[in-house]
Protein chains: 2
Amino acid sequence: MPAGESGDDLIELLFFAYRDFVGDPDRILAQYGFGRAHHRVLHFVDRYPGLTIAELLDILRITKQSLNRVLKDLIGQDYITQKTGTSDRRQRLLFCTSAGTALAGDLIRVQSRRVARALANLEAGRAMPPSAESFLFGMIEPEERAAVRRLMARRVRSAA
Amino acid sequence: MPAGESGDDLIELLFFAYRDFVGDPDRILAQYGFGRAHHRVLHFVDRYPGLTIAELLDILRITKQSLNRVLKDLIGQDYITQKTGTSDRRQRLLFCTSAGTALAGDLIRVQSRRVARALANLEAGRAMPPSAESFLFGMIEPEERAAVRRLMARRVRSAA
DNA sequence: TGGAACATGTCAACAGCACTGACATAAATT
DNA sequence: AATTTATGTCAGTGCTGTTGACATGTTCCA
């Protein structure tokens, strides 16, 4: 819905979309004393049970020291458990406990809601053809959209 | 291009897309001793010259203390300058110097390339109809796409 | 069998970037 | 003249990333 259909606008929209996208779960996580790093680990272990440490490191692109810090929290508070690999006993296979699955579910729920809303905007025909721009704009917190639209309009007028 | 057309896949793709999206500029910024916070400030000041501190704080959603730390770097190294507001002399209007505009240009260039590539994928008809999913997938580093596809396929098989 | 390679865990130090709380100054507003 | 607003700054803290070094147990290969 913002004016210019340039790739540069997409860059900015991606920033705003991501800002609000991570804001939802952040509020829930804070109640548990967890952060985004915990969220990412919990999410991937929940969706891909049996993930190894090495696989998780490759997905998250962080060091094992960083991973271990948050993983220790999640294991210590019984959101995740480890099982020794069967074929390779060096590996630690990661699984969510029921508490872990429940929390992961709460987190994905608020994010799904936002994504669903963004997709609904597209399908309501408000954006024809459906564009990446409209999707990202729909990801922004509804009350904030006017402000983003105003900001971006300001640019279209001043620079080219 | 990944299999399931669910909103949950979009959540994951947004993670991967953003991960690679910020990876490009990070490499450039490291050469200047700057981080992501510097990037965000430089980007918005470049695109919206004359932005005030308060406006920038509202865009970035950080505290003035956080902003000030990186802004001091950018001003001290002559990438950004301040001008006292004309109508309200309390305000500091922010502008990029030529060095600032140049660096901002370099940064947006690498990100634009990635976005353009993602859009090109859509328009090449490889994704009909164009979807948010295809766009986000196209944002992922090409060499990494197979790995992401493999990971996500693994889920479609195991859980539902 | 013995040594190399591998998967993982851990300790310590450090950097970037957020936060809170408190306080200061100059300009605008009432 | 008093208050509010826009901004700057100091000090302390937390989360999450990094590097480098070292340890343990497992697997694999010569």
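The following questions and answers concern a predicted model, chiefly its protein surface around DNA strand C. Local features need pLDDT of at least 70 and side-chain atom pairs pLDDT 80 or more, while totals for chains, interfaces and linings use all residues. Residues are numbered from 1 along each chain as written, chains are lettered from A and ligands numbered from 1 in the order written, and side-chain values use heavy atoms, without hydrogens and water.

Trainee: Which helix gives the most to the surface near DNA strand C?

Mentor: A residue is near the strand if one of its heavy atoms lies within 4 Å of it. Helices are DSSP runs (H or I, at least four residues), numbered from the N terminus. Among those that supply at least two residues each are α3 (53-60) and α4 (64-76) of chain A. The top contributor, with four residues, is α2(B).

Trainee: What is the distance from a base oxygen of DNA strand C to an N or O atom in the side chain of K64(A)?

Mentor: K64(A) is among the closest of the 25 residues surrounding the strand. A polar contact is a pair of N or O atoms within 3.5 Å; within protein, one must be able to donate a hydrogen and the other to accept it, and residues adjacent in sequence count only if both atoms are side-chain atoms. For K64(A) and the base oxygen, the distance is 2.4 Å.

Trainee: Is S134(B) buried or exposed?

Mentor: S134(B) lies in helix α6 (residues 132-139) of chain B. Buried means under 20% relative accessible area, exposed over 50%, partly exposed in between (1.4 Å probe, protein chains only). Because its relative accessibility is 6%, S134(B) counts as buried.
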